Amino acid sequence: MEKRRTGLRLAAAAAGLALAGAASACEPALQGTRLESPRFVLAFKPDAISVSQHFALEIAVCAKSAIEPEGVKVDAQMPEHRHGMNYAPEVKPAGPGRWRAEGLMFHMPGKWEFVFEVRAAGKTDRMASSFQLSEFSKEEIARILQHGPWPPPLRRDPSNRVSGKPAAIALGEKLFFEPRLSGTGSVLCATCHAPWRQFQDGRARGFGLELVDRNTPTVLNAGFYRWYGWDGANDSLWSQSIRPLLDAREMNATPAHVAAVVRKILGREYEAAFGRVVPAEDETVLVDVGKALAAFQETLVSGRTAFDEFRDSLQKGGSTDYPAAAQRGLKIFVGKGNCSTCHFGPHFTNGEFADTGIPFFSAPGKVDGGRLEGLKRLKSSPYNLLSRYNDDSSGKAAVGTKHVEMQHRNFGEWRVPGLRNVAQTAPYMHNGSLATLRDVVKHYSELNEERLHADGERLLKPLKLSAGEVDDLVIFLESLSPR
């Protein structure tokens, strides 16, 4: 008897499951976002949604049982802000199990929630679906996503055999803070690249032993560059690290002096980094000092920013507290400002050179030719990647140096700097002539096209920004620095 009861219970349960499966198998007559309540399955599909633009919504509902829906109500709200739309949509029947809601509008970007109420047999089933609304178009979002993720993985420089080697990084750090490397024993790399100033010096133009012609760029994120110096006269971080050692106005050393310092005070550290005693050839030691300095500088990577949080959230469809003004500035940056053409990618630079409309006189009657002069120095450098000091036997690291072409239009062009930490590295431009970010934005907004070279590019046009747009773009640029 008990067996029979058990069998009946199992049969009844199986029949119930079968009926439930049949009941829940209803399919709304619309392909879209699918929601489900105990009694109904609802699908909806909105028109394209943009901030402050009215749109319509197609809705289809099917019943899991014999109880048919009598009507549908639609609303939307921002749960994080506790307010909803300013408009009441009109819902009209559009066929069996179909409705169309018209007159919806989301008046601001952020996280919205569609709320649907389906009425039947004196009861209401409520269903909700979240929606992240951006004020950016699909094309703008694609451009924004190209500026990340950050930080990128550290990469080893194949032209530097000690790149990424801990002992070389440790040696490079000691060298970076060692004044005895300079000819006078009084100047060190950190004189101009001070850690507490984001590895630059805050001056319009650098000052080592004497005043130089150009602004000191930060070495944060330097490991991601392709060319070095404002004029690109160096093609590796290690060759760039050699340059100030030998410059009479900066550190005024010689290969013999640098090698003597290493032999006297850093022999053990050198051997740990390079796996050999300090060589007798002074120039070889000088190059290795550059490579150790480069290994250290490769570790100097700026932190994440409010922009990075927003960028990653945009990719995932989430939400952040990224300010509305910064979002408006970002829209200018990737849109009408056309800034991301040159300031491209996670590091906000394409790594190449451009005319900025800044005068090329470094002093009365003294012209700084920028990239054109840099290419001349690059080609004649004994430390470029075509030299015997390049550790990359494949030749890939030297492709750029081998094929880069010197053109007259390169006169007065400057390396496009990365914009990370830009709010903390004033003053700006190759000669430090613009004191604030606002000055930079206003320079491009009011650009004097006559300053551009007649045979050069014509990428730049005056942006003609309003005062509010200038404010927004500055706020965006400030968001590229860690909090």
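# Strands, helices and a pocket, question by question

Author: Welcome! In strand E9, the bridge partner of Lys111 is Gln132. This model is predicted, and that pair is a good place to start.

Reader: What makes E8 and E9 count as paired strands?

Author: Two strands pair if at least two bridges are found between them. Strand E8 (residues 110-120) is joined to E9 by 11 bridges, so the requirement is met. The two strands run antiparallel. They form a hairpin with two residues between them.

Reader: Which residue in the turn between E8 and E9 has a positive phi?

Author: Ala121 does, with a phi of about 55°. Most residues other than glycine have a negative phi.

Reader: What is the order of the strands in the sheet that holds E8 and E9?

Author: The order is E5-E4-E8-E9, an open sheet of four strands with antiparallel pairing.

Reader: Why do E5 and E9 stand at the edges?

Author: Strand E5 (83-84) and strand E9 (123-133) each have a single partner strand, so one side of each lacks a neighbour in the sheet.

Reader: How do you know that E4 and E5 pair?

Author: Strand E4 (residues 71-78) and E5 share two bridges in the antiparallel sense. The cut-off is at least two bridges, so this count qualifies. As one example, Met78 has His83 in E5 as its bridge partner.

Reader: How many strands does the sheet E1-E2-E3-E7-E6 have?

Author: That open sheet has five strands, again with antiparallel pairing. Its edge strands are strand E1 (33-36) and strand E6 (90-95), each of which pairs on one side only. On average, neighbouring strands here are turned by 25° against each other, direction ignored.

Reader: What makes E6 and E7 a pair?

Author: E6 and strand E7 (residues 98-105) are linked by five antiparallel bridges. At least two bridges are needed, so E6 and E7 count as paired. In E7, Ala101 stands opposite Val91, and Arg100 is the bridge partner of Lys92. E6 and E7 form a hairpin with two residues between them, and Gly97 in that turn has a positive phi of about 70°.

Reader: On to the helices. Why are H2 and H10 called roughly perpendicular?

Author: The axes of helix H2 (residues 138-145) and helix H10 (residues 324-334) come within 10 Å and cross at roughly 90°. Angles of 65 to 115 degrees count as roughly perpendicular, and H2 and H10 therefore earn that description.

Reader: Which residues make the contact between H2 and H10?

Author: H2 contributes Glu140, Arg143 and Ile144, while H10 contributes Leu330, Lys331 and Val334. By class, the contact has three nonpolar, no polar and three charged residues.

Reader: How do you know that H3 and H8 are roughly perpendicular?

Author: H3 and helix H8 (residues 282-297) pack at an angle of about 100°, with axes 7 Å apart. The range for roughly perpendicular is 65 to 115 degrees, and the description therefore fits H3 and H8. Among the residues that meet are Leu171, Leu175 and Phe176 in H3, and Val289, Leu293 and Phe296 in H8. This contact has 10 nonpolar, two polar and one charged residues.

Reader: What kind of peptide bond joins Gly148 and Pro149, cis or trans?

Author: The bond is cis, with omega about 0°. Trp150 and Pro151 are also joined by a cis bond, with omega about -5°. Most peptide bonds are trans. Pro149 is found in the loop between H2 and helix H3 (166-176), and Pro151 is placed in the loop between H2 and H3 as well.

Reader: Where does Gln198 lie?

Author: Gln198 lies in the loop between helix H4 (189-192) and helix H5 (237-246). Its phi is near 60°, a positive value in a residue other than glycine.

Reader: How many residues line the second largest pocket?

Author: There are 44 lining residues, with His343, Pro417, Leu419, Val440 and Tyr444 nearest the centre. The pocket holds about 860 Å³ of space. Strand E10 (353-355), strand E13 (413-415), helix H13 (437-445) and helix H14 (467-478) each supply at least two lining residues. The largest share, four residues, comes from H13.

Reader: What classes do the residues of this lining divide into?

Author: The lining of the second largest pocket divides into 25 nonpolar, 13 polar and six charged residues.

Technical notes
Residues numbered from 1 in each chain as written. Predicted model: local features only at pLDDT ≥ 70, side-chain atom pairs only at ≥ 80, totals over all residues. Heavy atoms only, no water. Axes fitted to C-alpha atoms, helices over the stretch in contact; angles between N-to-C directions. Parallel < 35°, antiparallel > 145°, perpendicular 65-115°, else oblique. Contact = heavy atoms within 4.5 Å. Nonpolar A, V, L, I, M, F, W, Y, C, P; charged D, E, K, R; others polar. 1 Å grid on protein atoms, 1.4 Å probe; cavity = no way out; pocket = protein on both sides within 12 Å on 5 of 7 lines; lining within 4 Å. Points joined across faces, edges and corners; volume = space filled by probe spheres on them.
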